[in-house]
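Q: Hi! I have a protein open on my screen and would love some help reading it. Can we go through it together?

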Amino acid sequence: MSPPAGNAPAPLAVPRGTVLFRPDDACQGFGVVRSGTIKVSLTAENGREIVLYRVRPGEVCLQTFGCLVKGNAYSAEGVAETDIEIEVIPAGEFQRRVEADLGFRQQLFSAVAARFSDLERLVEDVALSSIEERLARALLRLAGDAGTVDATHEALATEIGSAREVISRQLGLFARAGLIEAARGHIDLVDRPGLEALAHHAE
């Protein structure tokens, strides 16, 4: 979602690991990610955390959109997962563009609709899939084309809304089945077709 050229605010460089918003924070404006990735996660009352979605260039943060439209505070946490460049459109300017700029409005609503589809898939995943299936999908998603995942068991647990002990046990099963090779904080996908078969088992 690119704001019209000519009056776009200068992008801000934000280092990896920076917390962009926390639960109960007020929203100061609409962020347009130019490069990098923001991870948005939610922590339940029992302390368990789950990744809701990631925001990359061209994508919308539903938390920010909801806060600006409804006037609510944030209910989740957003962290710069990588170094990012982001433009922040002040709340008043965002409202003006939504009302007056048809192109901006269409891009915004299209991106919001796509994000809702992502959340629907997340709910389906958590409600209907086994840990085996969810972890296989997470490993494939995080590895990308490289075939490796640099993540702790705790981070993988957060990724799928599970417990670290459960993840450790399932990774051990994957390793014994020859699907992965795991070292501390690093996982190689040895049998990608095998993981893909598990990942799509519920579909």
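A: Sure! Let's begin with a bit of vocabulary for charges: Lys and Arg count as positive, Asp and Glu count as negative, and His and the chain ends are not counted. Please keep in mind that this is a predicted model.

Q: Okay, so how many positive and negative charges are there, and how far apart are their mean positions?
A: The protein has 21 positive and 29 negative charges, and their mean positions are 2 Å apart.

Q: What about helices and strands, how many of each?
A: There are seven helices and ten strands. The C-alpha trace spans about 60 × 35 × 30 Å along its principal axes.

Q: And what share of the residues is buried?
A: Of the 203 residues, 39% count as buried. As for the surface, the protein exposes about 10,900 Å², with carbon and sulfur atoms supplying 52% of it.

Q: Let's zoom in on helix 7. Which residues are buried there?
A: Helix 7 runs over residues 192-199, and its buried residues are Gly194, Leu195, Leu198 and Ala199. They cover an arc of only 140° around the axis, so they sit on the same side of helix 7.

Q: Which ones are exposed on the other side?
A: Those are Pro193 and Ala197.

Q: What covers the buried residues of helix 7?
A: The cover includes two helices, helix 4 (131-143) and helix 6 (164-176), along with strand 9 (180-183) and strand 10 (186-189).

Q: Cool. What caps the N-terminal end of helix 7?
A: Aspartate 191 does that job, with a side-chain oxygen 3.0 Å from the backbone nitrogen of glycine 194.

Q: New topic: glutamine 63. Where is it?
A: Glutamine 63 is in helix 1, which covers residues 62-70.

Q: Buried or exposed?
A: Glutamine 63 counts as buried because its relative accessibility is 13%, and buried means under 20%.

Q: Which residues does glutamine 63 touch?
A: Leaving out residues up to four places away in sequence, glutamine 63 touches Phe21, Val40, Tyr53, Tyr74, Ser75 and Ala76. For two of these there is a polar atom of the glutamine 63 side chain to look for: one lies 2.9 Å from the backbone nitrogen of serine 75, and one lies 3.2 Å from the backbone nitrogen of alanine 76.

Q: Which other residues of helix 1 are buried?
A: Besides Gln63, the buried residues of helix 1 are Leu62, Thr64, Phe65, Cys67 and Leu68. Among the elements covering the buried residues of helix 1 are strand 3 (29-35), strand 4 (38-43) and helix 3 (102-128).

Q: And what follows helix 1?
A: Glycine 71 does, and its phi is positive, near 75°.

Q: Can we look at two alanines now? I'm curious about alanine 13 and alanine 175.
A: Happy to! Alanine 13 is in strand 1 (residues 12-14), and it is exposed, with a relative accessible area of 67%. Alanine 175 is in helix 6 and is partly exposed, at 36% relative accessible area.

Q: How far is alanine 13 from isoleucine 86?
A: They are 73 residues apart along the chain, while their C-alpha atoms are separated by 6.7 Å. For alanine 175 and alanine 151, the separation is 24 residues in sequence and 16 Å in space, C-alpha to C-alpha.

Note on methods: Residues numbered from 1 in each chain as written. Predicted model: local features only at pLDDT ≥ 70, side-chain atom pairs only at ≥ 80, totals over all residues. Heavy atoms only, no water. Buried < 20%, exposed > 50% of the residue type's maximum accessible area, 1.4 Å probe, protein only. Helix = DSSP H or I, 4+ residues; strand = E, 2+ residues; numbered from the N terminus. Arc of directions from axis to C-beta. Contact = heavy atoms within 4.5 Å. Polar contact = N/O pair within 3.5 Å; in protein donor to acceptor, adjacent residues only side chain to side chain. Areas by Shrake-Rupley, 256 points an atom, 1.4 Å probe, with all protein chains shown as cover. Charge placed at Lys NZ, Arg CZ, Asp CG, Glu CD.
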